[in-house]
Every structure is written in C-alpha cells, then in structure tokens.
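Reader: I'd like to learn how to read the features of a model like this one. Could you take me through it step by step?

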Amino acid sequence: MIAALEAVGLSKRYGRRYALRGCDLVIPAGAVVGLVGPNGAGKTTLLHLALGLTTPNAGSVHVLGERPAGASHLARVGFVAQDTPTYAGLSVDDHLHLGRALNPTWDDHLARERIAAVQLDPTQKAERLSGGQRAQLALTLAIAKRPELLILDEPVAGLDPLARRQFAQSLMEIVAEHGVSVILSSHLLADLERLCDYLVILVASRVQLAGPVEELIASHHRLVGPRRDHYDLPAGQELIESSHSPRQSTLIVRSAGPIIDPRWQVEPLGLEDLVLAYLGRTSASGSARSLQEVSQ
C-alpha cells in the first residue's frame, strides 16, 4: 500500500536555522496521525512541505506516492490551516460555490449535507460565524473536494471545549464514512488520545518518535523505586526521562519487552505522559539514545 507520507532525509532551512532536519518518516495510509511537538519544532514546516507550499533544502518527501506539486496533487489533499481561513465578506453558500469552481472533484451534495448537519445558515457571512462554525466551514471545504489525505494544522487551537468536541465528532464521522487518511497537528493531547491511532513526535526539528499509538504505549513504562544516584539499564532499555525526590527515583523507559526487575515498581504509561516525557527532553540530548549507565 502506498504511504500517506514518506520523508527521507527531509530538511528545511531558513537562513542558518533548520526548521526541519534529517527527517525520516513513513506514515501509513488509512491512519489518523497525531503530530505533536513544542512551538518551533517543525510541525507546520513538515505539513507545508507535504502540501507543496514550500520546497526542501535536502532530502525528499512523497505524499500519496508522488512529489507534492501542481494542481493534481492539491486535488488529492485537503487542508485546514491553524486560523481556519474563510473569507469574511462571503456567505457560507458563497464559499461552497467557490469550492465547486476551484475543485474538479468537488462533491456539492456532501458539502451541503455537512452544512445542514452542523446547522450553518447558508446565507450567513463568515464574519458573523463563531470560531467553531468557521472551523466547521473550513473542514467542509476541505472534505468536499473528496481528498485522499486530510491535513489539519492546529484547527481547533482557538476554540472552546464544546466547539472542539463538535469538531472532533465531525472528524471521526468523516474518517468512518470516507476512509480518508488524516494528519492532525495539535497541542491538545486529550483530543489526540480520542482521535489518533498513530503518533509522531517532533522535538528540535527532528522526529523523536513515530508509530502506532498502542504499540508506543505498550513499549514505554514508568519505573518507580528508592532514590538512586547511579543505576544501570540493561540492553534493550532506553532512558527517556528521569526525575528524583529526596527518597524516590522515577524513570520513563522504552523497552523492547516486559520489564521484570524487583528493584523497580513498573507502571503503565498514558499517552499524555508519554508525549510530555519526549517533549521534556532538552535539545542537548538530541535524538533518543540508548544508555547503559546514567548518573543524576
């Protein structure tokens, strides 16, 4: 099966600063992918490269088996940017007419069905819509072109909890009904936990972790025990994060198999703790490293 996105050595530089560096990544088709990372990590740059809105300085990116360029590529990909752009002076109906004129694969029945489902007034201008309503309109415009891949860059960042939930419900319905692949960039980990089955973590312009959510959670553990200033991790275990109190040491560890060690209490890790452990790594640590001996 052709990957939704495949990057090899992908780098983008602005002046001397790398926005994305040496990115190797394969995102399977059919997945709902959560793309997370701190501000400036390279998330938007990766999405813009995938859309063909900018070009790499090194490496390559293929989306749906082709280089992202030209009208034929844009017809296969739907995009909702962070500010869910709409035209303030145009009505909802005007937006649908514009979408039909610009997209050869436009499904007008689907667009109007969605507008009715989310209770948007076709005659109302975008400037009078709430943030949640504009997000729903932007999502409708993206999905009515019948894309194979839907790219969403922080689409609900400015919405209240109810509007975010409604947007998430709409997205889940779209995935279930149309089988579209999704790449969703977001800082809202609770939303990602509900929506995504694949996770990509970007830190300091590099991919730190990528894979199916269930597999990643199963391979990470929290180890809790009496404080140790020196401790050894056996082969096959990788330290992600450590913290210490006067009496206790806590480690976040990635392991190829079960951890059976009477010195430690082993606890499962949730998605939020997993993401925060990687986001908390300092730039000095770079990409993940296997450590045999660690000192506090």
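Author: Gladly! Let's begin with a cut-off: a residue is called buried when its relative accessible area is under 20%, exposed when that value is over 50%, and partly exposed in between. Keep in mind that this is a predicted model.

Reader: Then let me try it. Is L102 buried or exposed?

Author: L102 has a relative accessibility of 61%, so it counts as exposed. This leucine belongs to helix α3, which covers residues 92-102.

Reader: Which residues make a nonpolar surface patch with L102?

Author: Y87 and L98 join L102 there, and the patch they make covers about 320 Å².

Reader: Now to empty space. How do I read a pocket?

Author: The general idea is that rolling a probe the size of a water molecule over the atoms shows where empty space is left. In this model the largest pocket holds about 630 Å³ of space. It has 21 lining residues, and those closest to its centre are F79, L102, N103, L141 and K145. So you meet L102 again, once in the nonpolar patch and once by the centre of the pocket.

Reader: Which helices and strands each supply at least two residues of that pocket's lining?

Author: Strand β5 (77-80), helix α3 and helix α5 (131-143) each do so.

Reader: And how many cavities of 30 Å³ or more does a search of the whole structure find?

Author: Two. The largest cavity has a volume of about 70 Å³. Its lining consists of P155, V156, R164, F167, A168, L171, L184, S186, D191 and L195. Helices α6 and α7 each supply at least two of the lining residues, and α6 gives the most, with four.

Reader: R164 and D191 are both in that lining. How are their side chains linked?

Author: First the general idea: side chains of opposite charge can pair when their charged atoms come close. Here, D191 and R164 form a salt bridge, with 3.5 Å from N to O. D191 sits in helix α7 (residues 189-195) and R164 in helix α6 (residues 161-178), so this pair ties together parts that lie 27 residues apart in sequence. The two ends differ in cover: D191 is buried at 8% relative accessible area, whereas R164 is partly exposed at 22%.

Reader: How many salt bridges are found in the whole structure?

Author: Eleven. Another one joins E267 to R222, at 3.6 Å from N to O. That pair also links distant parts of the chain, since E267 is in strand β14 (residues 265-268) and R222 is in strand β10, 45 residues apart. Try the cut-offs once more: E267 has 24% relative accessibility and counts as partly exposed, while R222, at 18%, is buried.

Reader: What is the N to O distance between D261 and R263?

Author: It is 2.8 Å, and this pair is a salt bridge as well. R263 is partly exposed, with a relative accessible area of 41%. Salt bridges can also be linked up: D93, R100, D108 and R112 form a network of them.

Reader: Let's finish with the strands. How should I read a strand within a sheet?

Author: In a regular strand the side chains alternate between the two faces of the sheet. For a case here, take strand β13, residues 248-255, and look at its partners. Strand β10 (residues 220-226) pairs with β13 in the antiparallel sense over seven bridges. Strand β12 (residues 237-244) is likewise antiparallel to β13, with seven bridges.

Reader: Which residues face each other across these pairings?

Author: From β10, L223 has L251 of β13 as its bridge partner. On the β12 side, E241 is opposite I252, and E238 has R254 as its bridge partner. β12 and β13 also form a hairpin, with three residues between them.

Reader: Why is β13 described as largely enclosed by the rest of the structure?

Author: Because six of its eight residues are buried. You can check this with the cut-off we began with, where buried means under 20% relative accessible area.

How values were computed: Residues numbered from 1 in each chain as written. Predicted model: local features only at pLDDT ≥ 70, side-chain atom pairs only at ≥ 80, totals over all residues. Heavy atoms only, no water. Buried < 20%, exposed > 50% of the residue type's maximum accessible area, 1.4 Å probe, protein only. Pairing = 2+ DSSP bridges. Patch = residues over 30% accessible without salt bridge, like charges linked within 9 Å, V, L, I, M, F, W, Y side chains within 5 Å. Areas by Shrake-Rupley, 256 points an atom, 1.4 Å probe, with all protein chains shown as cover. Salt bridge = Lys/Arg side-chain N within 4 Å of Asp/Glu carboxyl O. 1 Å grid on protein atoms, 1.4 Å probe; cavity = no way out; pocket = protein on both sides within 12 Å on 5 of 7 lines; lining within 4 Å. Points joined across faces, edges and corners; volume = space filled by probe spheres on them.
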